[in-house]
Amino acid sequence: MKHKWFYVIVSIVLTLTTIISIMNWFKLNKTSNNTTKEKEYTYAYDCIKEAELKYWEIKSQLCDEVQKYIDSVAPTSNLRGYAVVEECEKFNIDIKFVLAQGEVESHFATKGIGGKLHNVFNVGVFDGLTAEEVKTTYKYDYPNQSIRPYLDLLHRRYLVNKLEVDLLDNYVDVDGNKYATDPAYESKLKEVYTYIYMHTKIDSLQQLMINYAIKCN
């Protein structure tokens with residue numbers, strides 16, 4: 001009888017020991033999983049923060065590079081590089097193209113009617129009109145204010161199922177209307193666009209900024 005109770009006690013002890021071991025294993029495994037997840041979250045967070053820092057660093061360099069180009073073409077222009085970068089980023093439009101058109105149209109609001117109206121891209125300015133005859137809608141206090149209406153126009157009317165480079169060959173809107181009557185307009189744009197691509201860092205910096213913006217998200 002004593003032996004019987006002895007075996008019962010031993011069995012109970014072994015069972016309890018097994019249960020405790022299993023519980024400890026689950027606890028250890030859970031802790032290990034939590035630690036792994038924490039490490040993964042920490043790593044992901046660090047990567048995002050690094051991407052954000054790099055994004056702002058590249059964006060700052062791009063703003064400086066755009067300003068440098070504007071100053072090299074039109075030192076007296078009040079068009080600011082940071083404004084060009086900000087607006088182009090919102091509309092996802094090629095900065096080289098925007099700069100090329102701003103240079104061809106008004107020398108960055110320093111020449112012609114565009115200069116008088118602070119209208120960098122001559123939006124709303126038609127052949128034969130004087131500065132006084134242009135609608136007040138297209139007259140601005142500062143050149144920076146003329147960027148968004150122009151980009152909005154591009155987005156709605158010209159870049160419908162097209163890329164900016166397509167407009168360099170045939171600058172027409174969705175109805176087939178040309179942006180400018182000058183028969184050499186596209187070739188002038190293409191020449192400036194190519195120069196910016198070849199002689200500045202604007203293209204590479206914009207691509208880097210876009211890549212880091214994607215990583216941040």
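The chain holds 8 helices and 0 strands. Read from the N terminus, its elements run α-α-α-α-α-α-α-α. This is a predicted model. Of the chain's 217 residues, 37% count as buried.

**Overall surface and contacts**

- The chain exposes about 13900 Å². Carbon and sulfur atoms supply 58% of that exposed area.
- Take the contacts in the chain with a separation of 6 or more. Residues 24 or more positions apart account for 57% of them.

**Nonpolar core**

- The largest nonpolar core has 48 residues. V84, L99, Y150, L154 and Y171 touch the most other members.
- Helices α1 (2-73), α2 (81-91), α3, α5, α7 (185-199) and α8 (202-216) each supply at least two residues of this core.
- Helix α1 gives the most to this core, with 9 residues.
- L154 is in contact with I93, F97, L159, L167 and Y171, leaving aside neighbours within four places in sequence. Y171 is also one of the core members that touch the most others.

**I70 and its surroundings**

- I70 sits in helix α1.
- I70 counts as buried because its relative accessible area is 0%, and the cut-off for buried is under 20%.
- Not counting residues up to four places away in sequence, I70 touches P75, S77, L79, R80, G81, V84, L99 and F108.
- Two of these partners, V84 and L99, are among the core residues that touch the most other members.
- F108 lies 38 residues from I70 along the chain. The C-alpha atoms of I70 and F108 are separated by 7.3 Å.

**Largest pocket**

- The largest pocket holds about 700 Å³ of space.
- The pocket is lined by 28 residues. Closest to its centre are N122, G124, V125, F126 and Y179.
- Three helices each supply at least two residues of the lining: α3 (95-106), α4 (112-117) and α5 (147-158).
- Helix α5 gives the most to the lining, with 6 residues.
- By class, the lining has 13 nonpolar, 6 polar and 9 charged residues.

**Helices with two roles**

- Helix α3 supplies at least two residues of the pocket lining, and at least two of the nonpolar core.
- Helix α5 likewise supplies at least two residues of the core, and gives the most to the pocket lining.

Terms used. Residues numbered from 1 in each chain as written. Predicted model: local features only at pLDDT ≥ 70, side-chain atom pairs only at ≥ 80, totals over all residues. Heavy atoms only, no water. 1 Å grid on protein atoms, 1.4 Å probe; cavity = no way out; pocket = protein on both sides within 12 Å on 5 of 7 lines; lining within 4 Å. Points joined across faces, edges and corners; volume = space filled by probe spheres on them. Helix = DSSP H or I, 4+ residues; strand = E, 2+ residues; numbered from the N terminus. Nonpolar A, V, L, I, M, F, W, Y, C, P; charged D, E, K, R; others polar. Core = buried A, V, L, I, M, F, W, Y, C linked by side-chain atoms within 4.5 Å. Buried < 20%, exposed > 50% of the residue type's maximum accessible area, 1.4 Å probe, protein only. Contact = heavy atoms within 4.5 Å. Areas by Shrake-Rupley, 256 points an atom, 1.4 Å probe, with all protein chains shown as cover.
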